[in-house]
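Here are some short exercises to work through with the model open beside you. Try each task before you read the solution under it.

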Amino acid sequence: MSGQGFFFHLLPHRPPFLFLDRIIELEPGKEIVALKRVSAGEEMVGHFPSPGDGLPVSLIAEAMAQAASLAATSAREGEGPPSGAYASIKEMQILREPRSGEELWLRMKLLRQYGRLFEFHGEAKIGEELVGEGELVFHLY
Amino acid sequence: MGDDRILRDQIKDLIIRRLRLEISPAEIDEGAPLFGDGLGLDSIDALELVVGLEQEFGISIPDEDVGKEAFASVEALCNYVEQHRGK
């Protein structure tokens, strides 16, 4: 399944705190590939502003979380307004800050589901360069 | 030390280590519920135990219904591991 925003209504986030521009691939409940284009002016978003003109590193994890949320909530589409929250982040490493003009590719893959908990492994890449990796647990209410 | 005792100690060690509990194995009542009033674990802890059992014992807890039974107590979890180990 692919699309250019058909599923964004499943996320409560709105600009400037929406860090996904496009959904490239989506297998509801299982996997998502999404794209974030980094633009000037985003360096001051978040608690830890970027020293340059890029996206603060903490927001790579936020973008990964938003992508995984979409993958989880899209599995329950049509069952009323979805809501949830992140329960844990494990072994997250961010290797560098994405700069203005770069495209951040996010791939989140379900590792396991236990009840309403969805554990994802995620990668953030710029081209072939890995810039972030980690595991996130999303709790769907 | 019998196999049953060894397994109970291994399970208690897994629970303490995986969930970073600041208690000793002797403080875990083997018959008490792991969740709620017993050890006070929650659903995130359950997921961590599911991962731990997979990685350390090669045993899967496929869903919450099975989890409710397996995680009823240390004793119940040992029985579940014994029944499913090597399958």
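**Exercise 1. How many helices and strands does the secondary structure of chain A come to?**

A word on the set-up: this is a predicted model, where local features need pLDDT of at least 70, side-chain atom pairs count only at pLDDT 80 or more, and totals for chains, interfaces and linings use all residues. Residues are numbered from 1 along each chain as its sequence is written, while chains are lettered from A and ligands numbered from 1 in the order in which they are written.

Step 1: take helices (H or I, at least four residues) and strands (E, at least two) as DSSP runs, numbered from the N terminus. Step 2: tally them, and chain A has one helix and six strands. Step 3: read them off from the N terminus, which gives β-β-α-β-β-β-β.

**Exercise 2. Find the largest nonpolar core and say which element gives the largest share of this core.**

Step 1: call a residue buried if 20 or more other C-beta atoms lie within 10 Å of its own, exposed if 12 or fewer, and partly exposed in between, with C-beta atoms placed from the backbone. In chain A, 35% of the 141 residues are buried.

Step 2: build a nonpolar core as a set of buried Ala, Val, Leu, Ile, Met, Phe, Trp, Tyr and Cys residues joined through C-beta atoms within 7 Å. The largest one has 51 residues, and Ile60(A), Ala63(A), Met64(A), Ala67(A) and Ala68(A) have the most contacts inside it. Helix H1 (residues 58-73) of chain A supplies the largest share, 11 residues.

Step 3: zoom in on Ala63(A). Two residues are in contact if their C-beta atoms, placed from the backbone, lie within 7 Å. Skipping residues up to four places away in sequence, Ala63(A) touches Phe19(A), Leu20(A), Lys36(A), Leu104(A), Leu106(A) and Ala124(A).

**Exercise 3. Describe how H1(B) and H2(B) cross.**

Step 1: fit the axes as lines to C-alpha atoms, for helices over the stretch in contact, with angles running from 0 to 180 degrees between N-to-C directions. Helix H1 (residues 3-18) of chain B and helix H2 (residues 43-57) of chain B have axes that come within 10 Å and cross at roughly 125°.

Step 2: classify the angle. Under 35 degrees is roughly parallel, over 145 roughly antiparallel, 65 to 115 roughly perpendicular and the rest oblique, so H1(B) and H2(B) are oblique to each other.

Step 3: list who makes the contact. H1(B) brings Leu14(B), Ile15(B) and Arg18(B), and H2(B) brings Glu48(B), Leu49(B), Gly52(B) and Glu56(B).

**Exercise 4. Which residue in strand S3 of chain A has a positive phi?**

Step 1: recall the background. Most residues other than glycine have a negative phi, and most peptide bonds are trans.

Step 2: scan the strand. Glu91(A) has phi near 50°, and its place is in strand S3 of chain A. Glu91(A) counts as exposed because it has 8 C-beta neighbours inside 10 Å.

Step 3: look in chain B too. Arg20(B) has a positive phi of about 50° and lies in the loop between H1 and H2 of chain B. Arg20(B) has 7 C-beta neighbours inside 10 Å, so it counts as exposed.

Step 4: pick up the peptide bond. Pro15(A) and Pro16(A) are joined by a cis one, with omega about 10°. Pro16(A) sits in the segment before strand S1 (22-27) of chain A.

Conventions. Left-handed = near helix turned anticlockwise from the far one by under 90°.
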